[in-house]
Amino acid sequence: MDKILQGLRAVGETSRLRLLHLLAQGELNVTEITQILGQSQPRISRHLKLMCDAGLLDRYREGSWVLFRLKDSGPGAKLAQAVVELLPSQAAQLKRDAEQLKAVREARAAEAQRYFKANASNWHQIRALHVSEAEVEAAWLKLVGEGEIETLVDLGTGTGRVLELLAPRARQAIGIDRSREMLAIARANLEKAGLRHAQVRLGDVNSLALPDRVAELVTIHQVLHYLDDPPKALAEAERVVKPGGRVLIVDFAPHDHDFLREEHAHRRLGIAADHMSVWLQRAGLELAHFSTLKPPKRMTKTGLTVSVWLAIKSDGGTLRKRQRDA
């Protein structure tokens with residue numbers, strides 16, 4: 001009772017209700033929140049601390065950033081969600097906040113697009129700066145296994161490396177990316193490899209122009225750390241994968257290399273295993289495998305650990321069979 005009362009007191013102010021409404025749409029840092037709400041950083045920080053102490057919000061640090069989002073579980077999470085559902089989203093103030101949030105996200109997306117456009121031609125070299133791609137590819141190829149793939153969908157395909165490796169075993173292979181420059185290189189790479197049945201399409205991984213339950217395998221390779229809302233992309237992956245189908249995810253483990261935000265357009269400094277577990281569960285996917293690959297000792301200071309997840313859209317018996325086989 002005391003915890004619920006503390007939560008009710010914490011939301012009893014207009015700015016805090018606006019904060020709940022914002023953070024229900026995705027996590028934000030303090031700078032972004034102050035920009036959207038038009039209030040001072042000290043005032044916003046006081047509101048956030050009060051709501052975190054009441055169990056309504058989660059706070060976590062990534063390098064020099066502190067990010068906030070709605071609590072994932074517990075009575076505070078239920079209370080926060082109940083309040084959000086009661087808020088009149090068409091109210092003038094909340095609509096203005098939503099417009100400001102959209103502007104912040106569009107500015108982020110534009111900056112990322114400028115980065116990808118400028119670096120499309122040397123993408124493999126940039127990725128190789130931090131981790132051995134050969135070791136990573138060997139690990140996830142082992143998870144994929146040797147069988148034929150009916151339909152492969154690669155989200156955030158970039159220069160098409162995943163398609164190059166897996167399309168020879170797929171009857172249909174589709175890569176999706178929002179960068180025209182990346183797709184131009186991917187097409188050239190696929191043409192050079194003779195993979196004429198593989199295709200790449202311009203599109204948004206958060207809103208795929210694909211029907212439900214079309215893919216046997218969905219891959220998301222080093223993409224989520226660029227996204228504002230990784231759970232949204234995972235929900236789309238769940239939508240397009242068939243029951244019993246698999247979603248293979250590769251991304252960096254949490255790290256503190258802040259320069260990757262400024263120099264390489266990373267939105268997140270890696271993906272924590274506990275965050276991924278919650279995201280997969282919410283998306284309706286069941287975790288079947290998780291492992292990490294650490295950089296060699298000579299790269300201890302600059303190298304990044306890579307995490308690999310394999311999730312399955314359950315159709316009952318298929319998940320249990322795959323787990324036994326693994």
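Start by selecting leucine 28, which sits in strand 1 (residues 28–29). The model on screen is a predicted one. Leucine 28 has a relative accessibility of 1% and counts as buried. Add tryptophan 65 to the selection: this residue and leucine 28 are separated by 37 residues in sequence, and their C-alpha atoms are 9.6 Å apart in space.

**The whole chain**

Zoom out and colour by secondary structure. The chain has 14 helices and ten strands. Of its 326 residues, 50% are buried. Now consider contacts between residues at least 6 apart in sequence: 68% of them join residues at least 24 apart. If a surface is switched on, the accessible area of the chain is about 15800 Å², and carbon and sulfur atoms account for 51% of it.

**The seven-stranded sheet**

Next, show strands 4 to 10. They form an open sheet of seven strands with mixed pairing, in the order 6-5-4-7-8-10-9. At the edges are strand 6 (198–202) and strand 9 (286–293), each of which pairs on one side only. On average, neighbouring strands in this sheet are turned by 15 degrees against each other, direction ignored.

Select strand 4 (149–155). Six of its seven residues are buried, so strand 4 is largely enclosed by the rest of the structure. Add strand 5 (residues 170–177), which pairs with strand 4 in the parallel sense over six bridges. To check the register, pick threonine 151 and its bridge partner in strand 5, glutamine 172.

Move along the sheet to strand 10 (residues 306–312). How many of the residues of strand 10 are buried? The count is seven of seven, and the strand is mostly covered. In a regular strand, side chains alternate between the two faces of the sheet. Select Val306, Val308, Leu310 and Ile312 for one side of strand 10, then Ser307, Trp309 and Ala311 for the other; these residues are all buried, and both faces are covered.

Now display the two neighbours of strand 10 in turn. Strand 8 (residues 241–252) pairs with strand 10 in the antiparallel sense over seven bridges. Two places to look are aspartate 251, whose bridge partner in strand 10 is serine 307, and leucine 248, whose bridge partner there is leucine 310. Strand 9 also runs antiparallel to strand 10, with seven bridges joining the two. Here, pick glutamate 286 and its bridge partner in strand 10, isoleucine 312.

Keep the sheet displayed and add helix 8 (residues 133–144). This helix lies across strand 4, strand 7 (215–221), strand 8, strand 9 and strand 10, and runs at about 165 degrees to strand 8.

**Salt bridges**

Hide the sheet and show charged side chains. Side chains of opposite charge can pair when their charged atoms come close. The model holds 15 salt bridges.

Select arginine 43 and glutamate 13, which form a salt bridge with their closest N and O atoms 3.8 Å apart. This pair links distant parts of the chain: arginine 43 is in helix 4 (residues 41–53), while glutamate 13 is in the loop between helix 1 (2–10) and helix 2 (14–23), 30 residues apart. Arginine 43 is partly exposed at 35% relative accessible area, and glutamate 13 is also partly exposed, at 22%.

Go to glutamate 191 and arginine 196, whose side chains meet in a salt bridge at 3.1 Å, N to O. Glutamate 191 is partly exposed, with a relative accessible area of 45%, whereas arginine 196 is exposed at 66%.

Then select aspartate 258 and arginine 261. Their salt bridge has its closest N and O atoms 3.0 Å apart. Is arginine 261 buried or exposed? Its relative accessibility is 8%, so arginine 261 counts as buried. Aspartate 258, at 26%, is partly exposed.

Finally for the charged groups, select Glu32, Asp228 and Arg267 together, as salt bridges link them in a network.

**A nonpolar patch**

End on the surface, at Ile4, Leu5 and Leu8. They make a nonpolar surface patch of about 250 Å². Leucine 8 belongs to helix 1 and is partly exposed, with a relative accessible area of 42%.

Key: Residues are numbered from 1 along each chain as its sequence is written. This is a predicted model: local features need pLDDT of at least 70, side-chain atom pairs count only at pLDDT 80 or more; totals for chains, interfaces and linings use all residues. Side-chain values use heavy atoms; hydrogens and water are left out. A salt bridge is a side-chain nitrogen of Lys or Arg within 4 Å of a carboxyl oxygen of Asp or Glu. Helices (H or I, at least four residues) and strands (E, at least two) are DSSP runs, numbered from the N terminus. Buried means under 20% relative accessible area, exposed over 50%, partly exposed in between (1.4 Å probe, protein chains only). Patches are made of residues with over 30% relative accessible area and no salt bridge: like charges are joined within 9 Å, nonpolar side chains (Val, Leu, Ile, Met, Phe, Trp, Tyr) within 5 Å. Accessible areas come from the Shrake-Rupley method with a 1.4 Å probe; for residues, only the protein chains shown count as cover. Contact means heavy atoms within 4.5 Å. Two strands pair if DSSP finds at least two bridges between them. Axes are lines fitted to C-alpha atoms, for helices over the stretch in contact, and angles run from 0 to 180 degrees between N-to-C directions.
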